[in-house]
Amino acid sequence: MKILVCISNVPDTTTKITFTDNNTQFNTNGVQFIINPYDEIALARAIELTEGNGGTVTVINVGEAGTEPTIRKALAIGATDAVRVNAQPQDAWFVASQIAEYVKANPFDLILTGRESIDYNGSKVAAMLGELLDLPSVAIIKKLNVEGDSATVEREIEGGKEILTIPLPFVAGAAEGVAEPKIPNMRGIMSARTKPLAVIEPVSVQVTSTIVGYETPAPRGQVNLIPADNPGKLIELLHTEARVI
Amino acid sequence: MPVLIYAENAEGKFKKSIFEAVSYARAIADQNNTSLTAISIGDVSTDELAALGKYGADKVLNVSNDKLKNFVNQAYASVIAEAAKKEGASIVVLSNSFSGRGLAPRVAVKLDAGLIDGAVSLPDTTGGKFVVKKTAFSGKAFALTELTLANKVIALTPNTYKVVETGATAQVEDFSVETKESDFKALLKEIVRSTDKVSLPDAEIVVSAGRGLKGPENWGMIEELAALLGAATACSKPVSDAGWRPHSEHVGQTGIAVSPNLYIAIGISGAIQHLAGISSSKVIVVINKDVEAPFFKVADYGIVGDAFEVVPKLIEAIKQHKAVA
């Protein structure tokens with residue numbers, strides 16, 4: 001089985017988010033970049049599936065040369081090979097279009113992404129890829145099992161879940177529950193240096209959206225501390241002052 | 001050219017998040033001096049459909065077709081895109097629900113439309129532009145995103161736009177579309193509903209607990225508190241990682257982002273990743289025995305105390321409050 005895992009290069013989850021140039025640019029100064037945590041779940045499941053059934057796991061990233069440490073990390077975790085589309089990822093449409101072009105020339109049995117990226121919180125690429133490739137897609141899956149040429153997936157719905165069977169190939173966005181992220185071992189780290197990483201040039205794609213500025217959440221006022229022996233006071237304030245109960 | 005809103009139903013009923021999305025789409029229609037058409041797919045009663053008028057829909061397209069009874073991502077996306085074309089709608093609004101997240105990108109590609117998912121504000125149309133605020137960096141910031149194509153798709157974050165009732169009744173029309181076989185490859189086997197619980201993404205009140213609870217056996221009081229408040233239960237990442245609670249309850253940067261009216265955090269220290277997922281809550285209450293816990297810095301109300309002493313007292317206080325009210 002040939003599996004493609006799409007990975008994004010995102011700021012580490014502990015990053016304090018700040019902006020420069022009058023709040024129009026994300027300040028990457030001193031920011032550590034990592035594999036998007038959900039993409040790591042997708043990668044872990046892809047590796048598990050090929051361990052059982054044989055096959056390969058290719059990771060693809062749309063990014064400039066600076067993302068290569070993240071791609072090498074994916075190779076160290078256990079991906080077979082990697083592709084980098086050499087371009088700044090402008091928006092989800094751009095990224096999905098680049099990956100779709102690659103997949104048209106190099107078909108896969110299964111394409112996985114993370115459920116969303118933790119930087120711009122899009123959960124768009126999986127479904128866009130599905131549409132661009134005319135394949136079924138499931139935006140957020142909690143479980144994924146493959147048997148022969150079809151898969152069983154579990155997807156979350158508000159207040160429950162759905163269980164679906166889908167013939168391969170299809171596209172899905174992995175969430176927690178699909179797999180536990182894998183930590184690379186020393187052998188993986190050593191072999192990652194020599195695994196193939198192809199760099200391809202982007203195709204031309206229309207610009208569909210542009211970020212024109214950023215805002216940070218309004219700071220909250222001083223906390224109103226209520227004595228531990230009088231929770232009734234809290235209930236009263238939530239009712240009369242905050243008016244939320 | 002009307003605005004089109006996809007009104008997703010859950011077991012034949014519309015939820016508050018859909019009334020929010022219809023109200024939001026109404027406001028966009030007003031910005032553009034146009035009408036609002038809603039589309040519903042599946043089995044929904046005519047009364048329920050017409051009631052969408054209350055929130056601003058002028059017309060409701062009803063797609064009732066045996067093959068489309070349950071959600072099929074590809075087929076639903078095709079129907080919504082067809083309706084947009086037929087109505088000549090250049091703006092399509094959806095709720096950024098679990099299903100909405102699967103639909104919006106496909107609809108956008110079909111319509112050659114720019115897409116904003118996770119919208120939290122009305123479009124700013126100053127100077128002929130179309131700029132929408134959306135969540136970014138998992139609640140640590142907002143990105144002001146401009147859509148530059150003629151067609152636009154917006155998926156609205158639940159609990160961020162107020163329901164507005166205008167009081168009218170919508171006209172309901174049957175809408176039939178040709179479905180294509182290749183849209184039905186994914187087969188629904190089973191729907192499992194946890195009916196006894198408030199769903200976390202929809203919840204107006206969330207009661208969340210962390211490692212301070214010491215073990216899964218101590219969640220009884222959390223569930224009791226949540227039940228009394230009509231709240232959903234949630235937890236921090238270490239708690240779901242340890243298997244004390246299901247992953248679907250994990251709130252934070254790598255879990256679910258929530259924006260309830262009231263978020264009550266019990267025994268959670270307030271790591272930056274957790275705070276990211278809850279920062280758009282309207283009111284935050286923190287109960288923690290450590291006065292230095294970072295969570296108190298973003299809280300509106302706090303109680304410094306042991307959860308095992310404070311929560312039972314809080315439960316009693318709510319019972320009393322309810323008895324009086």
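Let me open with one pair. Thr210 of chain A has Glu146 of chain B as its bridge partner, in strand S9(B). That pair belongs to a longer match: S14(A) and S9(B), residues 141-147, are joined by six bridges and run antiparallel. One caution before I go on. This is a predicted model.

So, the contact between the chains. Chain A puts in 64 residues, and chain B puts in 81 residues. Which elements of chain A give two or more residues to the side that touches chain B? They are helix H4 (125-133), strands S9 (137-147), S10 (150-157), S11 (160-167), S14 (209-215) and S15 (224-225), and helix H6. S11(A) gives the most, with eight residues. By class, that side of chain A has 33 nonpolar, 19 polar and twelve charged residues.

Now look at H6(A). That is residues 231-240 of chain A, and its partner is helix H8 of chain B, residues 307-324. The two axes come within 8 Å and cross at roughly 50°. That makes H6(A) oblique to H8(B). The crossing is right-handed.

Who meets whom there? From H6(A) we have Pro231(A), Gly232(A), Leu234(A), Ile235(A) and His239(A). They meet residues of H8(B), including Val310(B), Leu314(B), Ala317(B) and Ile318(B). Lys313(B), Gln320(B) and His321(B) are also on the H8(B) side. Sorted by class, this helix contact has seven nonpolar, four polar and one charged residues.

H6(A) has other partners in chain B. This helix lies across S15, S16 and S17 (301-304) of chain B. Its direction is at about 175° to S17(B). On the same topic, helix H5 of chain B, residues 220-229, packs on the sheet. H5(B) touches S13 (205-209), S14 and S15 of chain B, and runs at about 175° to S13(B).

What is the strand order in that sheet? It goes S15(A)-S17(B)-S16(B)-S15(B)-S13(B)-S14(B). So we have an open sheet of six strands, with parallel pairing. At the edges stand S15 of chain A and S14 (232-235) of chain B. Each has a single partner strand, so one side of each is left without a neighbour in the sheet.

Inside that sheet, take one pair. S15(B), residues 262-266, and S16(B), residues 283-288, run parallel and are joined by five bridges. Ile266(B) stands opposite Ile287(B) there.

Next, the other shared sheet. Ten strands form an open sheet with mixed pairing. Follow the order with me: S13(A), S7(A), S6(A), S1(A), S8(A), S12(A), S9(A), S10(A), S11(A), and then S12(B). Which strands stand at its edges? S13 (197-200) of chain A and S12 (187-193) of chain B, each pairing on one side only. Neighbouring strands are turned by 30° against each other on average, with direction ignored.

Let me walk through some pairs in chain A. Start with S1(A), residues 2-6. Four of its five residues are buried. S1(A) pairs with S6(A), residues 56-63, in the parallel sense over five bridges. There, Cys6(A) has Ile60(A) as its bridge partner. S1(A) also runs parallel to S8(A), residues 110-114, joined by three bridges. Ile3(A) stands opposite Leu110(A) in that pair.

Out to S13(A). S7(A), residues 81-86, pairs with S13(A) in the parallel sense over four bridges. Val83(A) stands opposite Ala198(A).

Two helices cover strands here. Helix H1(A), residues 37-53, packs on the sheet and touches S1, S6, S8, S9 and S12 (171-174) of chain A. H1(A) makes about 150° with S8(A). Helix H3(A), residues 92-105, lies across S1, S6, S7, S8 and S13 of chain A. H3(A) runs at about 140° to S6(A).

Last, chain A as a whole. How many helices and strands does chain A have? Six helices and 15 strands. Its C-alpha atoms fill a box of roughly 65 × 45 × 40 Å along the principal axes. Of its 245 residues, 51% are buried. And among contacts in chain A with a separation of 6 or more, 69% join residues 24 or more positions apart.

Notes:
Residues are numbered from 1 along each chain as its sequence is written. Chains are lettered from A and ligands numbered from 1 in the order in which they are written. This is a predicted model: local features need pLDDT of at least 70, side-chain atom pairs count only at pLDDT 80 or more; totals for chains, interfaces and linings use all residues. Axes are lines fitted to C-alpha atoms, for helices over the stretch in contact, and angles run from 0 to 180 degrees between N-to-C directions. Angles under 35 degrees count as roughly parallel, over 145 as roughly antiparallel, 65 to 115 as roughly perpendicular and the rest as oblique. A crossing is left-handed if the near helix is turned anticlockwise from the far one by less than a right angle, and right-handed if clockwise. Two residues are in contact if their C-beta atoms, placed from the backbone, lie within 7 Å. Ala, Val, Leu, Ile, Met, Phe, Trp, Tyr, Cys and Pro count as nonpolar, Asp, Glu, Lys and Arg as charged, and the others, Gly among them, as polar. Two strands pair if DSSP finds at least two bridges between them. A residue is buried if 20 or more other C-beta atoms lie within 10 Å of its own, exposed if 12 or fewer, and partly exposed in between; C-beta atoms are placed from the backbone.
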